[in-house]
Amino acid sequence: MIDQEGRPVAVREKSLRLLCKLAERNGEIVNRDDLISAVWSGRSVSDDNLVQCIKDIRAVLGDRDRQLLRTAVGRGYSLHGVREKSIGPGAHPKLLISPLRIMGDAPELIELAEIVTEELIIALSPRAGLKVTTDETQRETALYAIDGRASLSGEEVRVFVQLVSGRSGDVAFAETWSIPITEAEFLPRQITDKITNVLRVKMFNYAGEDYIGRSNDELDTQELLAKAAYHMSRIQMQNRDVARNALSLAIEREPTNAMALAMRASAAVLSILQESRSKLPDAPEYCLELADRAVGIAPHIDFVMRTRGSLRLWLKGDHEGARADCERALEISSVFHLAHQTIALSEILSGEHAAGIHRVQKIMELGTPTNPRYPHYLALLALGQILAGENDAAIKIAQEGHERAPGDPWCNYVFAAAVADRKEIANTERFRHMIARNDLPLTHFRDQAFTDLRDVDMLEERLALAGYPRTA
């Protein structure tokens, strides 16, 4: 047997057999009777024999605090965190793209279905961390499968596309497009943009769901990234630290993994809208260093480029650098929602309100309201509308953001600024209670990269009118 330091160690046969039995059910409690039956072939032996073997195993593992081989009092024992081989990088999740089924034999329909399938393959194949396949035999091992059908009804083309879980067969997303056949040339791009965006959001938000209850030490690098993505997508401070811990381990194992570096840098500013800059968990210099390293390794990955752009905006107020990085990300993937979000934020904070408003609206059209980021899109849209003087629209949008995420400090903050002069809302007990519970100070807008402080002054006046104390 090999110990924790890789040195050969002599172990009694019974102790080794006991360890093997525990390893077969790693993480589970194995009762004493089952252990004795497996090791001593059903012979009657005293508990002392079992206890001595347990002591042998703990000595070899260096398990002084009994965390690897644990005792379940009155029941048995369980083995934790002991593997036969080291954790590797792990396999990338697979995406199966199936040809659209054609309902009929119209030549234009056959051509359209082929173009849609080709566009999806071309758009999704370069995605980092994703393996695209068209092999139907891999459906059950694919994380998701894309399939659908195309039909012709009179002069109208109808295309149905769905995103299906490879394991369960559950439909994660489905949509039907109907368009006159004379305009069908634009349909493949519309479908590809929508599916590409929805798939990215689904994978980032939910691919790590199976790993959230598992110890980081049990996961390979790809699983660590998926777990971290799941927590990052929740945009909550309590999730941020879980993500940072998983990503730190991924970087320790693979120091040149560009996605791990970029995600770790991004996680540090995950909650920057919801808390003061002074509460950032990492030094800005460290975050920017991680982002630069990631870009140096993989400038062809859109998420890597967008991450550095986002940090440039948040940590340095560098609008020009932020937009340049995000534009490069959009050259790689033209509908990357996070790159568009960062550019939209820059546009709104630098006085290009109409452009920012339009960009946020486009992001929302390509996404779905179930995206955990959706309330933040609403808040960003409402902020742009407030600054543009579109107060009625801002109130409606900000209220929806608040209602979708009633506990989110940033959504509530923007909602307060939007409804400041609506006394029928601002004077209610519920509204005053919301403000009293919000830890963001009146000066929080000064943490953002505004280029015109008159915009900040106006927003602070609105917050004060809404009931925020000026001394906060």
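**Note on the predicted model: a buried loop and a charged patch**

1. G208 counts as buried, because its relative accessibility is 0%, and the cut-off for that class is under 20% relative accessible area. The structure discussed here is a predicted model, and G208 is placed in the loop between α5 and α6. Computed from C-alpha to C-alpha, G208 and F336 lie 20 Å apart in space, while 128 residues separate them in sequence.

2. D220 is found in the loop between α5, which covers residues 187–206, and α6, which covers residues 221–233. Although D220 is buried, it has no salt bridge, and the nearest side chain of opposite charge, that of R253, is 6.3 Å away; a salt bridge would call for a side-chain nitrogen of Lys or Arg within 4 Å of a carboxyl oxygen. The side chain of D220 does, however, reach the backbone nitrogen of E223 at 2.8 Å.

3. On the surface, E108, E111, E114, E118 and E155 form a negative patch. One of these residues, E108, sits in helix α4, which runs over residues 107–124. E108 is classed as partly exposed because its relative accessible area is 40%, a value that falls in the class between the buried limit of 20% and the exposed limit of 50%.

4. As for the protein as a whole, its secondary structure comes to 19 helices and 9 strands. The protein has 472 residues, of which 52% count as buried, and its C-alpha trace spans about 85 × 70 × 45 Å along the principal axes.

Terms used:
Residues numbered from 1 in each chain as written. Predicted model: local features only at pLDDT ≥ 70, side-chain atom pairs only at ≥ 80, totals over all residues. Heavy atoms only, no water. Patch = residues over 30% accessible without salt bridge, like charges linked within 9 Å, V, L, I, M, F, W, Y side chains within 5 Å. Areas by Shrake-Rupley, 256 points an atom, 1.4 Å probe, with all protein chains shown as cover. Lys, Arg positive; Asp, Glu negative; His and termini not counted. Charge placed at Lys NZ, Arg CZ, Asp CG, Glu CD. Helix = DSSP H or I, 4+ residues; strand = E, 2+ residues; numbered from the N terminus. Buried < 20%, exposed > 50% of the residue type's maximum accessible area, 1.4 Å probe, protein only. Polar contact = N/O pair within 3.5 Å; in protein donor to acceptor, adjacent residues only side chain to side chain.
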